[in-house]
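Me: Could you take a close look at the metal site in this model with me? I would like to start there and then follow the side-chain pairings through the rest of the chain.

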Amino acid sequence: MNIIEDFIPSNRPNRPGVTITPTSITVHNTGNTNKGADAAMHASYIKSTNDKVSWHYTVDDYNVIQHIPIDEMAWHAGCRKGNETSIGIEICMNQGINMEMAEENAQQLIAYLMAKTSITDIKKHQDWTGKYCPAVLLKEGRWEQFVRGCFCLFEEKKNIKKEHWAKIYYQLLINRGMVIYEERFDDPITRGELFAILCRMLEL
Ligand SMILES: [Zn+2]
């Protein structure tokens, strides 16, 4: 997944520059079903609007565009607490979009953010103010499924990251036919064991 950074200029009214420590991720649908209302269009809108409205990422079926750093407040939740504690993600719903791909991109983005920030609280916009948003996911009854997908991807990322640096050496030795009963990568080795290994290597 490639994230395009296209930040709102820092002097714009919808980029207040307030530092936050986010504790949740809030999911929205744009509500814009017009043709061409994709991530690029929203990126250009958000940079020029005088409305006090902003969010961190817009996702469509091909792109993820970031508008504001995640440690800066944006105006997306409709309430102060939401804005001050949550990363806002808008999923496009423009005419002709491949919704499945757009939602998968959003899930990839969320899993990436979960791994990066340790945040595991995934909210709907509705959780903050009751607004019917993300409308597509709510209307089609797929919210729970969407969140489960985020967690699955997050687990996958964690498992990849968890692999020990020495695993590749272990695997090479196993492939050469060496019998090793336990990995125990971080256990220390004694001088005696080292002597034994050296002797075996030198075939003494
Ligand atoms: Zn919303």
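Reply: Happy to: below I begin with the metal site and then move on to charged pairs, aromatic pairs and a few single residues. Please keep in mind that this is a predicted model.

Let's start with the zinc ion. Its protein donors are His28 through ND1, His125 through ND1 and Cys133 through SG, and they lie 2.0 to 2.3 Å from the ion. Along the sequence these donor residues follow the spacing H-x96-H-x7-C. His28 belongs to strand β2, while Cys133 is in the loop between α4 (125–129) and α5 (135–139), so this pair ties together parts of the chain that are 105 residues apart in sequence. Both ends of that link are shielded: His28 is buried, and Cys133 is buried too.

Staying in this part of the sequence, we come to some charged side chains. Asp121 and Lys123 meet in a salt bridge, with 3.3 Å from N to O. Asp121 has a relative accessibility of 32%, so Asp121 counts as partly exposed. Lys123 has a second partner: its charged end sits over the ring of Trp128, 5.2 Å from the ring centre. Next comes Lys124, whose side chain forms a salt bridge with Asp127 at 3.0 Å, N to O. The two ends of this bridge fall into separate classes, because Lys124 counts as buried at 16% relative accessibility, whereas Asp127 is partly exposed at 40%.

Those bridges belong to a longer list, as the model has 11 salt bridges by the rule used here. One of them joins Arg15 and Glu72, whose closest N and O atoms are 2.8 Å apart. Arg15 lies in the loop between β1 (3–5) and β2 (24–29), and Glu72 in the loop between β4 (64–66) and α2 (80–85), so this bridge ties together parts that are 57 residues apart in sequence. Arg15 and Glu72 are both buried. Salt bridges also link Glu103, Glu140 and Arg142 in a network.

Now for the rings. There are 3 aromatic pairs in the model. One of them is formed by Trp143 and Phe146, a stacked pair with 5.8 Å centre to centre and 25 degrees between the planes. Both residues lie in helix α6 (residues 143–162), 3 residues apart, which is about one turn of the helix. Trp143 is buried, as is Phe146. Tyr170 and Phe185 make an edge-to-face pair, at 5.7 Å centre to centre and 90 degrees between the planes. This second pair links distant parts of the chain: Tyr170 is in helix α7 (residues 167–175) and Phe185 in the loop between α7 and α8 (191–201), 15 residues apart. With a relative accessible area of 16%, Tyr170 is buried, while Phe185 is partly exposed at 22%. The cut-off for buried is under 20%, so the two rings fall on opposite sides of it.

Helix α1 (residues 39–48) is worth a look as well. Ala39, His42, Ala43 and Ile46 are buried there. Viewed down the axis of α1, the buried residues fall within an arc of 105 degrees, so they line one face of the helix. A general point helps here: an α-helix has 3.6 residues a turn, so residues three or four places apart point the same way. The buried residues of α1 pack against β3 (57–59) and β4.

From the loop between α1 and β3 we can pick out Lys52. Lys52 counts as exposed, with 60% relative accessibility. Its C-alpha is 6.7 Å from that of Trp75, although the two are 23 residues apart in sequence.

Finally, there is Asn105, which sits in helix α3 (residues 99–117). At 18% relative accessibility, Asn105 counts as buried. Setting aside neighbours within four places in sequence, Asn105 is in contact with Met1, Val59, Asp60, Asp61, Tyr62, Asn63 and Val64.

Note on methods: Residues are numbered from 1 along each chain as its sequence is written. This is a predicted model: local features need pLDDT of at least 70, side-chain atom pairs count only at pLDDT 80 or more; totals for chains, interfaces and linings use all residues. Side-chain values use heavy atoms; hydrogens and water are left out. A salt bridge is a side-chain nitrogen of Lys or Arg within 4 Å of a carboxyl oxygen of Asp or Glu. Helices (H or I, at least four residues) and strands (E, at least two) are DSSP runs, numbered from the N terminus. Buried means under 20% relative accessible area, exposed over 50%, partly exposed in between (1.4 Å probe, protein chains only). Rings of Phe, Tyr and Trp (its six-membered ring) pair if their centres lie within 6.5 Å; planes under 30 degrees apart count as stacked, over 60 as edge-to-face and the rest as tilted. A charge sits over a ring if NZ of Lys or CZ of Arg is within 6 Å of the ring centre and within 35 degrees of the ring normal. Donors are N, O and S atoms within 2.8 Å of the metal (3.2 Å for Na, K and Ca); water is not among the atoms, so sites may look incomplete. Contact means heavy atoms within 4.5 Å. The arc is that of the directions from the helix axis to the C-beta atoms.
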